[in-house]
Amino acid sequence: VDFPPDAIDDAAAKVVRRLTKNGHEAYLVGGCVRDLLIGRRPKDFDVATSATPNEVKRLFRNGRIIGRRFKLVHIHYGENIIETSTFRCEPREVDEDDLLIREDNEFGTAAEDARRRDFTVNALFLDPDRAAVHDWVDGLEDLEDRVLRTIGEPHVRFQEDPVRILRAVKFATRLDLEIAEATWDAMLANADQLDRAAPPRVLEEILRLLRSGSALGALKMLRACGALEELFPDLDAVLGDRDADDHRVQQRLGSFYRLLEALDQEVHRGETPSNALCLAVLFAPLVDEEMTEEEDGGTRVAFAEDLLRPTAERARLARRDWQHAARILADEVLFTAPEGPRFSPLLFCLTPGFDEAFAFFGLRVHARGKGWDLHEGWEERRERALESSDEKLEEERKRIRGKRRRRRRRRGPRKRSS
């Protein structure tokens, strides 16, 4: 296989060479090989080897063993990390009534390691010096045919690790692969297994989908296979039946899809949305459906938090992320609010959460195709706020504080007890 001279990471090739020089078998594996074969530049390079984690650590002073259930070695070259794992095989003892993998530390051969992986296109092993690809699962053929297929029996694969359903969605949408019929049928049948997966792993995959640049296609596919209903039932219910002959349902669904499309456009422009911004986009339909424009900012935030809390706690989202997302959603109304005795655009521009709230407002403007003048106006306000003197800011704070004091309702005289 021919690759451009600079396609393979020097540090990754160095790791493979040192391992083989010391009598171990070693290859570049997984997504980096797949990406090289389809002409994409890999973001990360992973290595698999016959050496145990302790043997790898002894060869690399810059290596660090990580993980409990699945031990790996991270080999550091500055900020570049080469993740190095030992060949593993399928667990020897399997409970036929519960296929969920909880232990995965049985060492094996390269071929066994390939066969235990999730999808054929991710199970290709590359010898970088010989430019030779080892394929034990017909992954090259599937890659040429642009097909995503599980290795082995699809139902078993998804029951072993339900998060593979989310990974299937990620690879199919990012790489424009067609999911094999048997694999898709198994995704439909096993979507209800996702509640058995570790919530942090599920959240990690959801955030990857939202940042992938293919969030629109991914969320549509999650709905189609039943995964969205399993993971976020409140959100799925608000979005309604995809085939419903109801104008409001279709309008709500269209608004959500246009918001996801706007997020994808930002990613393709090189932006990396934060966890909170991704969650604000994901949960926007919940807030749009229920929250009214309350006068008091604290009330809006509390209301948004109340709406998001059941879903967030069920999915075990980090509190700081979902509460920040609630603040982003609650603050959206301020971008169309006039300056008044209780609201200062100048001070709002300098609040800690403004930048992400403004980024979300920008996504809304893109999604709706209107409000560009408002958006530009806020950009100018932000610049003026950053250039404002301390005296000007203090004067504005006094104005707001003074107005609030004057708006307080006076208490009437207390009634004397007779």
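## Glu379 and its charged patch

Glu379 is partly exposed, because its relative accessible area of 36% falls between the 20% limit for buried and the 50% limit for exposed. This is a predicted model, by the way. Glu379 sits in helix 19, which covers residues 372-387.

On the surface, Glu379 has like-charged company: Asp373, Glu376, Glu380, Glu383 and Glu387 gather with Glu379 in a patch of negative charge. Here's a bit of helix geometry to keep in mind: an α-helix has 3.6 residues a turn, so residues three or four places apart point the same way.

## Helix 10, mostly tucked away

Now for helix 10, residues 215-225. With 8 of its 11 residues buried, helix 10 is largely enclosed by the rest of the structure. The buried set is made up of Ala215, Leu216, Ala218, Leu219, Met221, Leu222, Arg223 and Cys225; note that Arg223 is one of them.

Just after helix 10 comes Gly226, with a positive phi near 90°.

## The whole protein

Zooming out, the protein has 20 helices and 9 strands. Its C-alpha atoms fill a box of roughly 95 × 50 × 50 Å along the principal axes. Of the 418 residues, 48% are buried. Among contacts with a separation of 6 or more, 66% link residues 24 or more positions apart.

As for the outside, the protein exposes about 22,700 Å², and carbon and sulfur atoms supply 44% of that area. On the charge side, there are 71 positive and 81 negative side chains. The centres of those two sets lie 10 Å apart.

Conventions: Residues numbered from 1 in each chain as written. Predicted model: local features only at pLDDT ≥ 70, side-chain atom pairs only at ≥ 80, totals over all residues. Heavy atoms only, no water. Patch = residues over 30% accessible without salt bridge, like charges linked within 9 Å, V, L, I, M, F, W, Y side chains within 5 Å. Areas by Shrake-Rupley, 256 points an atom, 1.4 Å probe, with all protein chains shown as cover. Salt bridge = Lys/Arg side-chain N within 4 Å of Asp/Glu carboxyl O. Lys, Arg positive; Asp, Glu negative; His and termini not counted. Charge placed at Lys NZ, Arg CZ, Asp CG, Glu CD. Helix = DSSP H or I, 4+ residues; strand = E, 2+ residues; numbered from the N terminus. Buried < 20%, exposed > 50% of the residue type's maximum accessible area, 1.4 Å probe, protein only. Contact = heavy atoms within 4.5 Å.
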